[in-house]
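Please find below my notes on the model you sent. They are set out as numbered points, and they begin with the pockets.

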Amino acid sequence: MYNCGVRLAVVLCVAACGGGDPAATDATALDAPPVARCSATGAFGAPKELAALNGPTEDLGGRLSSDELTILFSRTNADHTWDIWTASRATADGDFGAPEVVGSINTIYSELWPTASSDGKALYFMSDRVTPGTYGIFVSTRASTGDPWGPPAASADLMAGDATPYLANATGFYFSAGAGRTGAGMNDIYRASRDGAGALTMIGAVLGGVDTPASEDIPVVTSDELHMYFARNNGTDFDVFEASRSSLADGFGAAAGVPGISTTGYDELPSWVSPDGCHLYYSSAAGVTGSDLFMIARGD
């Protein structure tokens, strides 16, 4: 975020005091690097509930636009299936307005874990609308961000129990899959490459310190694809883990639990990380109504 207050103070001081070259000072201020919102290695603070969004039923899978002003998430309904909802707010630190159901996406079956492309024209999510109880990944598109989402289409290569899609950037598409893809019986994390037309090319499991004999699920990956949050089953519930790598050619290193958001006996599931890595959104089954939406920030 560009520090307008600092720049304005410098320009006003030079003009009032008559010292130096105002044009040169102004150019220097304009070229100054943006002020970091947090330290990339700073610790996360206390969890903050997204109270304006958490309803009388369960909510999970909050995925945001890069400016953190729009959120997509899933909520259970009276039929005990999941629908996709959306909400917006004026500032990244403000409260969200009243959420609305995304009517053109939802069916009588479950729709979960929505993830939108950076241009806002493609929306991926998981659903069991083809074979109830067996999930696959669907995509809906639209011509512009002002249009409603079009009829969802099945992703042909991602229908055998593939789930929890996540777009890290324009090309990096991550998801989890179990026995339908691996035959191993436990969920592992995979990556596909997405081209300009939206076609996906399967690449394979994400190895290194991420995949283990336990179940790994719900990949949430930074836009540079060098840091990943994910859910790992500890034998009784899921906790949030993180792992890093030095380059895209490397496997991820050993994973470690994220301090502060691992509650024994309750599932914690990551859902989205901000482009600067300062905010991590997740859901926790320790909420008031079961699963609720939360956020933690570095440096809080």
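1. The lining of the largest pocket is made of 27 residues, and those nearest its centre are Leu 64, Ser 65, Ser 66, Ala 116 and Ser 117. Five strands each give two or more residues to this lining: strand 2 (59-64), strand 3 (70-76), strand 6 (111-116), strand 10 (163-167) and strand 18 (268-273). Please keep in mind throughout that the model is predicted.

2. The volume of the largest pocket is about 620 Å³. By residue class, its lining comprises 12 nonpolar, 13 polar and 2 charged residues.

3. The second largest pocket holds about 280 Å³ of space. It is lined by 16 residues, and Trp 113, Thr 164, Asp 217, Ile 218 and Leu 269 are the closest to its centre. Two or more lining residues come from each of strand 6, strand 10, strand 11 (172-177) and strand 14 (216-221). The lining of the second largest pocket divides into 9 nonpolar, 5 polar and 2 charged residues. Strand 6 and strand 10 are also listed for the largest pocket.

4. Trp 113, one of the residues closest to the centre of the second largest pocket, deserves a check of its backbone. Trp 113 is found in strand 6, and its phi is near 55°, a positive value in a residue other than glycine. As background, most residues other than glycine have a negative phi. Is Trp 113 buried or exposed? Its relative accessible area is 5%, and the cut-off for buried is under 20%, so Trp 113 counts as buried.

5. Glu 225 is another non-glycine residue with a positive phi, here about 65°. Glu 225 sits in the loop between strand 14 and strand 15. Because its relative accessible area is 3%, Glu 225 is classed as buried. I would list Glu 225 with its phi value in any description of the backbone.

6. Turning to the interior, the largest nonpolar core has 24 residues, and Leu 53, Ile 71 and Tyr 229 have the most contacts inside it. At least two residues of this core come from each of strand 3, strand 18, strand 19 (279-287) and strand 20 (290-297). Strand 20 supplies the largest share, 5 residues.

7. What does Leu 53 touch, leaving aside its neighbours within four places in sequence? Its contacts are Asp 59, Ile 71, Phe 73, Arg 75, Ala 87, Phe 96, Gly 97, Pro 99 and Leu 293. Ile 71, in that list, is also among the residues with the most contacts inside the largest core. Another core lies apart from the largest one; it has 12 residues, including Tyr 124, Ile 137, Val 139 and Phe 175.

8. Ile 296 is in strand 20. With a relative accessible area of 1%, Ile 296 is buried. Its C-alpha atom is 4.8 Å from that of Pro 47, although 249 residues separate the two in sequence. Beyond its neighbours within four places, Ile 296 is in contact with Phe 44, Gly 45, Ala 46, Pro 47, Val 258, Ile 261, Cys 278, His 279, Leu 280 and Tyr 282.

9. Two loop residues serve as a contrast to the buried ones. Thr 236 is in the loop between strand 15 (227-233) and strand 16 (238-244). Thr 236 counts as exposed because its relative accessibility is 68%, where exposed means over 50%. The C-alpha atoms of Thr 236 and Tyr 266 are 8.4 Å apart, with their positions 30 residues apart along the chain.

10. Pro 151 is the other loop residue, placed between strand 8 (134-141) and strand 9 (153-154). Its relative accessible area is 75%, so Pro 151 is exposed. Pro 151 and Val 139 are 12 residues apart along the chain, and their C-alpha atoms are separated by 8.5 Å. Val 139 is one of the residues of the 12-residue core.

11. For the overall description, the secondary structure comes to 3 helices and 20 strands. The protein has 300 residues, of which 45% count as buried. Among contacts between residues at least 6 apart in sequence, 44% join residues at least 24 apart. The exposed surface is about 13,800 Å², and carbon and sulfur atoms supply 58% of it.

Conventions
Residues numbered from 1 in each chain as written. Predicted model: local features only at pLDDT ≥ 70, side-chain atom pairs only at ≥ 80, totals over all residues. Heavy atoms only, no water. 1 Å grid on protein atoms, 1.4 Å probe; cavity = no way out; pocket = protein on both sides within 12 Å on 5 of 7 lines; lining within 4 Å. Points joined across faces, edges and corners; volume = space filled by probe spheres on them. Helix = DSSP H or I, 4+ residues; strand = E, 2+ residues; numbered from the N terminus. Nonpolar A, V, L, I, M, F, W, Y, C, P; charged D, E, K, R; others polar. Core = buried A, V, L, I, M, F, W, Y, C linked by side-chain atoms within 4.5 Å. Buried < 20%, exposed > 50% of the residue type's maximum accessible area, 1.4 Å probe, protein only. Contact = heavy atoms within 4.5 Å. Areas by Shrake-Rupley, 256 points an atom, 1.4 Å probe, with all protein chains shown as cover.
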